[in-house]
Amino acid sequence: AVGRLAGGVAHDFNNLLTVITSYADLLSASETPTGTWREDLMEITRAADAATGLTRQLLSFSRQRVIEPRVLDLNAVVTGATKLAARLLGANIQMIVQLDPQTGSVKVDAGHVEQIVMNLAVNARDAMPRGGRLTITTSRVSAGDVHTGDPADVPSTPYARLAVADTGTGMDEATQLRIFEPFFTTKATDKGTGLGLATVYGLVKQYEGFVRVHSVLGKGTTFELFIPIARTNTPIEPITAPGERPQAVGTILLVQDEPAVRAVARRMLESAGYSVIEAPDSQTALRIASARPAAINLLITDVELDGAASKLADRVLKLKTPVSPDELLKSVRDSLK
């Protein structure tokens, strides 16, 4: 019940954040903001990003976030995550990153790994108010090395190990027993939600992994996360940074029932060079597509659009000239480049 409530609130709040961050991005990309204007926009973006992180935790906790697990090099994902985490640490905290090249690949959602690293980094920072050292390491461990002692728990695959260790205040045994409970926190009411570690635990379990914690009062805490090495011959997908976007062409049918989100989505798509036709619901979208099927090159719709997003996509496709699967796949790839 708590998960459903949290997910519902997060979904609506995320729509508002989308509008805030999108308009801030549009202003930042323009030539107008200078001096204090640009600094003010950066502060708006930072605050919205922090709020987005909270909604991401809530959606993960309620299991409403759409995940995209892929076979990825864990070290590559962690490298990107540590760059983000470094921005959260104060100047009095030293970050050490040691990545074993033999760690291997795992089938995960890259955003989940980033979220795990960020949550653990924030907790470590809060545990070191006077400064200290944060160490993030990866390694590959055999099935025997992670055996818990119960014959029924003997794993059949090696694991990738991600460890995050701090030199902070540490925790007593009573606290360690409760740290993964949702909404349990030892922080002040305005400093923590109690969702960070619960989210970490839930995400790792989602990938059939497990978490170990070792903590000593006054000496620090180490979180060890074990995720199964991917059992697949699928090549590792690279983590690529977005490059300069070419000016786009084509007409997009944009279907979104939230007016503010629809408006800002249209602004961003038009700024990229697309022509955009709006529709507030699937019925209106279908009427538009029926009237001018040849003009629509791409359909973008809210996944939860009045429960009819997939049906709408199927019906719009039937209005188009039939193409072979290979031609359709090529057109989609070209549109996403």
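Let's start with strands 8 and 9. Strand 8 covers residues 251-255, and 5 bridges join it to strand 9. The two run parallel. Look at one pair across that join: leucine 253 stands opposite isoleucine 277 in strand 9. One caution before I go on: this is a predicted model.

Now widen the view to the sheet. What is the order of its strands? The order is 9-8-10, so read it that way on the screen: 3 strands, an open sheet, parallel pairing. A quick reminder for the newcomers. Strands of a sheet pair through backbone hydrogen bonds, either parallel or antiparallel.

Which strands stand at the edges? Strand 9, residues 275-279, and strand 10, residues 298-301. Each has a single partner strand, so one side of each has no neighbour in the sheet. There is a turn between neighbours too. On average, neighbouring strands of this sheet are turned by 20° against each other, ignoring direction.

Next, a helix on the sheet. Helix 7, residues 259-271, packs there and touches strand 8, strand 9 and strand 10. Its direction makes about 165° with that of strand 9.

Stay on helix 7 and find methionine 268, which sits in it. Is methionine 268 buried or partly exposed? Its relative accessible area is 32%, and buried means under 20%. So methionine 268 counts as partly exposed. What does methionine 268 touch, leaving aside residues up to four places away in sequence? Ser22 and Leu26. Tyrosine 23 is 245 residues away from methionine 268 in sequence. In space, C-alpha to C-alpha, those two are 8.7 Å apart.

Let's move to helix 1, residues 2-29, and pick out valine 9. Valine 9 has 48% relative accessibility, so valine 9 is partly exposed. Together with Phe13 and Leu16, Val9 makes a nonpolar surface patch of about 270 Å².

For contrast, go to helix 6, residues 196-206. Several residues there are buried, including Leu197, Val200, Leu203 and Val204. Just after helix 6 comes glutamate 208, with a positive phi of about 60°.

Last, the whole chain. How many helices and strands are there? There are 10 helices and 10 strands. The chain has 337 residues, and 38% of them count as buried. Its exposed area is about 19,700 Å², with carbon and sulfur atoms supplying 54%. Now take contacts between residues at least 6 apart in sequence. Of these, 75% join residues at least 24 apart.

Definitions and conventions
Residues are numbered from 1 along each chain as its sequence is written. This is a predicted model: local features need pLDDT of at least 70, side-chain atom pairs count only at pLDDT 80 or more; totals for chains, interfaces and linings use all residues. Side-chain values use heavy atoms; hydrogens and water are left out. Patches are made of residues with over 30% relative accessible area and no salt bridge: like charges are joined within 9 Å, nonpolar side chains (Val, Leu, Ile, Met, Phe, Trp, Tyr) within 5 Å. Accessible areas come from the Shrake-Rupley method with a 1.4 Å probe; for residues, only the protein chains shown count as cover. A salt bridge is a side-chain nitrogen of Lys or Arg within 4 Å of a carboxyl oxygen of Asp or Glu. Helices (H or I, at least four residues) and strands (E, at least two) are DSSP runs, numbered from the N terminus. Buried means under 20% relative accessible area, exposed over 50%, partly exposed in between (1.4 Å probe, protein chains only). Two strands pair if DSSP finds at least two bridges between them. Axes are lines fitted to C-alpha atoms, for helices over the stretch in contact, and angles run from 0 to 180 degrees between N-to-C directions. Contact means heavy atoms within 4.5 Å.
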